[in-house]
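Before turning to the details, it helps to have the sequence and the coordinates side by side. The paragraphs below go through the fold of a chain and then through the contact between chains.

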There are 2 protein chains.
Amino acid sequence: MDSFTFEPIGIIRTPFTEPKGMPIQPSGAKGIPGTVKVAPEYSRGLKDVEGFSHLVLLYVFHLSQGYSLEVKPFLDDKLRGVFATRAPKRPNPIGFSIVRLVKVDANTLHIEDIDVVDGTPLLDIKPFVPDFDNRESEKIGWLSTKAVDAEMKKSDSRFT
Amino acid sequence: MDSFTFEPIGIIRTPFTEPKGMPIQPSGAKGIPGTVKVAPEYSRGLKDVEGFSHLVLLYVFHLSQGYSLEVKPFLDDKLRGVFATRAPKRPNPIGFSIVRLVKVDANTLHIEDIDVVDGTPLLDIKPFVPDFDNRESEKIGWLSTKAVDAEMKKSDSRFT
């Protein structure tokens, strides 16, 4: 199949200078402030964004090198299929985070609840819409006894 | 900034042979069946996926040509900044959908609630985890009077 090439539209700035010690999910990153710097040529695309309280950020796990089809997630001690995890070492290392939008200042978005490393290349911004994006999910597989721990758990260097 | 090249890990098969007439969001695609065909070399990454009732699919809006920084969404008659919309004509045309997983059959995932066109190139599969992914959002900007309509609304050809 054809491959696809994407150019970052901006960069995500956060207090996390390395993956080690980062929260592993936004639920553990409550209130952590960051900024999204959108390249000037895309500024016009930010019109109307300020009306939303939450945004979906798509970005590249740029520190992740190569991938594994089975990984040992931060929350488990067993090998799991990578597509059953949120680990960054994926065939296509694209991540998404839902963040709170605090303020728009020209092409800078001030955000909260951010769980990525400083300098993360941004691919896309979408408005979060509860009617589209929230789900009542009945089954969360191997995470069923672990998800509650995610809030406290910090990252280490295993996926860089 | 450096660009990033991604190779699809599979393909999404759906009943929608063209964008015209498609639901514009999974909330309007309830029960629509589809399959995700993962390339054999990635099969091992599907281990443990069957435990989850919902999955996040990341894919390429491959029919989308070029992009606009301001678009007229299906749900509105005003031009909106593209990053305040879910329109496919984006600088990096990556989409995400949350689908219901019905059954895993080797490297084929049987899914429901799918809102993409047949043949869509798949970039990633992630488990949907309510604790990580659900949000109570207070503000949905220009969509505040429109989101309720999304369920019924069908796509046309404007974004191909």
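In this predicted model, six strands of chain B close into a barrel, in the order 2-3-8-7-4-9, and their pairing is antiparallel. Within this sheet, neighbouring strands are turned against each other by 45 degrees on average, when direction is ignored.

A useful place to enter the barrel is strand 3 of chain B, which spans residues 33-38. On one side, strand 3 of chain B pairs with strand 2 of chain B, residues 10-13, in the antiparallel sense and over four bridges; here B:Arg13 stands opposite B:Thr35. Strand 3 of chain B also pairs with strand 8 of chain B, residues 108-112, again in the antiparallel sense but over five bridges, and in this pairing B:Pro33 stands opposite B:Glu112.

In a regular strand the side chains alternate between the two faces of the sheet. Strand 3 of chain B has a covered face made up of B:Gly34, B:Val36 and B:Val38, while B:Pro33, B:Thr35 and B:Lys37 form its uncovered face. B:Thr35, which stands opposite B:Arg13, therefore belongs to the uncovered face.

How, then, do the two chains stand to each other? Two copies of a chain are related by a rotation about an axis and a shift along it. For this pair, a turn of 180 degrees with a shift of 0.0 Å along the axis lays chain A on chain B with an RMSD of 0.0 Å, and the two copies are thus related as by a two-fold rotation axis. The C-alpha of chain A that lies nearest this axis belongs to A:Thr5, at 2.1 Å from it. The same surface serves both copies, since 100% of the contact residues of chain A recur in chain B.

The contact itself takes 62 residues from chain A and 62 residues from chain B. On the side of chain A that touches chain B, the elements giving two or more residues include strand 1 (4-6), strand 7 (94-105) and helix 1 (130-133) of chain A, but the largest share, six residues, comes from strand 9 of chain A. By kind, the residues on this side of chain A divide into 33 nonpolar, 14 polar and 15 charged.

Strand pairing also crosses from one chain to the other, for strand 1 of chain A and strand 1 of chain B, residues 4-6, run antiparallel and are joined by three bridges. In this pairing, A:Phe6 has B:Phe4 as its bridge partner.

Key
Residues numbered from 1 in each chain as written. Chains lettered and ligands numbered in written order. Predicted model: local features only at pLDDT ≥ 70, side-chain atom pairs only at ≥ 80, totals over all residues. Least-squares fit on C-alpha atoms with pLDDT ≥ 70 in both. Contact = placed C-beta atoms within 7 Å. Nonpolar A, V, L, I, M, F, W, Y, C, P; charged D, E, K, R; others polar. Pairing = 2+ DSSP bridges. Buried ≥ 20, exposed ≤ 12 C-beta atoms within 10 Å, placed from the backbone. Axes fitted to C-alpha atoms, helices over the stretch in contact; angles between N-to-C directions.
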